[in-house]
Amino acid sequence: MTDIVTEKRAAPKVSFVSLGCPKALVDSERIVTRLRAEGYELTRKHEGADLVIVNTCGFLDSAQAESLGAIGEALAQNGKVVVTGCMGAEPEKILAQYPQVLAITGPQQYESVLDAVHRAVPPAHDPFLDLVPPEGIKLTPRHYAYLKISEGCNNRCTFCIIPKLRGDLVSRPAADVLREAEKLVAAGVKELLVISQDTSAYGVDLRYAPSAFKDVEVRAKFYDLARELGKLQAWVRLHYVYPYPHVDEVIALMAEGAILPYLDIPFQHASPNVLKRMKRPGSVEKTLGRIEAWRAECPDLTLRSTFIVGFPGETEQDFQMLLDWLDVAQIDRVGCFRYEPVAGADSNALDGAVSRELTDERWHRFMAHQQAISAKRLKRKVGTRQQVIIDAIGPTVAKGRTKGDAPEIDGAVHVASRRPLRVGEIATVKIERADAYDLHGTVIGF
Ligand code: SF4
């Protein structure tokens, strides 16, 4: 009697490190999806993996240092390393420190990453492992997903090197985005987080050309895309919206409940002097008027923004103007960065550098000032009923978010419930109290 032995090669294992912003995370998801489709297995540990891929971030010098640290760690623990992402646009910086990396590819160069992986560790074909869900592999929890609508940016903010790294704006046709969104929703995603470098510029490069989604022609336009996404029975949240006048149009969609009443607009500053040096739109008075009009049309609107303090040339008067502007604008959620020169950024050539100590001092003053505003805004929710999407289940309370909270960056709602909750479920919660960042409440309905 003879035994028939089927030789089956074990699936090669890849360890993946994803650094940087949600846009980089989407790139990581695309690479991981392709690897899984080709039969690679993913592992959390560098040791024992056949290869490590590091998706780097090159936005700030501190992010580059973190990326270089991650590459060094992967080399020490494994030895076989492929580097991709924003820092891949400047390979000399990586090679100067780590000449032994196997390959370096730039952002969105999915094919080149795959080629490098194939060369280092050929795939073991296994039809069972080839079964990948049509929505791809998500690195975010199953109930929310990032939806990238374009790459690159046509703006030239002086502190930013993204256009140099990623090039000018390239938008995806609307039908392409909608098909991906539809697959995600069909797979159980409850919340779509729309991202790009500049969401409101969507479609400019395509001259807003329409494309066919089902039997409807949808223009590649910010408003049209938001309207169609709003029909998919999921929460739709808009991130990285540049304050152009046509943003006003989407407020109507928010007021009627088609998309979430949430806008993430990085204003960066409020002094016309600083905004001019940043090459950002400078009409702060007009912006205040528009914020007022948005809130009149959609009272539930949550505004999130980011600011930079210590930008070259920022005087005490400019900074005070920013604090005064915050008092009037009453932005709900705010992030603040200390200005940091980035190699290759045009702002490095500006005069009037602000010292590290002064930048720190302004950052602390900014945070204390805004914290009081954010806490006051949050307190207005006490006593209201809010729809809350559940992100995590704890031993006594669950953790979720209202329509006004984006995952990872905003606050949470700590939810008590008589019946067990499930991750991804949306419950109606009576808000009972607020602390500096978070809300607390009890489920009163489903
Ligand atoms: S809008 Fe400005 S900060 Fe944002 S990616 Fe474009 S150039 Fe950079």
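Let me begin with a pair of strands in this predicted model: strand 10, covering residues 210-213, and strand 11, covering residues 216-219, are joined by four bridges and pair in the antiparallel sense. If you look for P210, you will find that its bridge partner in strand 11 is R219. The two strands form a hairpin with two residues between them, and in that turn K214 has a positive phi of about 55 degrees. As background, most residues other than glycine have a negative phi.

Further along, there are two other residues to look at with that in mind. Q233, which is not a glycine, has a positive phi of about 65 degrees, and it sits in the loop between helix 7 (222-229) and strand 12 (235-238). Y240, also not a glycine, has a positive phi of about 55 degrees, and its place is in the loop that lies between strand 12 and helix 8 (248-255).

Is Q233 buried or exposed? Q233 has 8 other C-beta atoms within 10 Å, and because 12 or fewer counts as exposed, Q233 is exposed. For Y240 there are 20 other C-beta atoms within 10 Å, and because 20 or more counts as buried, Y240 is buried.

Finally, please turn to the closed barrel, in which five strands run in the order 16-17-18-20-19 with mixed pairing. On average, and ignoring direction, neighbouring strands of this sheet are turned by 55 degrees against each other. Within the barrel, strand 16 (residues 385-393) and strand 17 (residues 398-401) run antiparallel and are joined by four bridges, and I393 stands opposite A398 in strand 17.

Notes:
Residues are numbered from 1 along each chain as its sequence is written. This is a predicted model: local features need pLDDT of at least 70, side-chain atom pairs count only at pLDDT 80 or more; totals for chains, interfaces and linings use all residues. Two strands pair if DSSP finds at least two bridges between them. Axes are lines fitted to C-alpha atoms, for helices over the stretch in contact, and angles run from 0 to 180 degrees between N-to-C directions.
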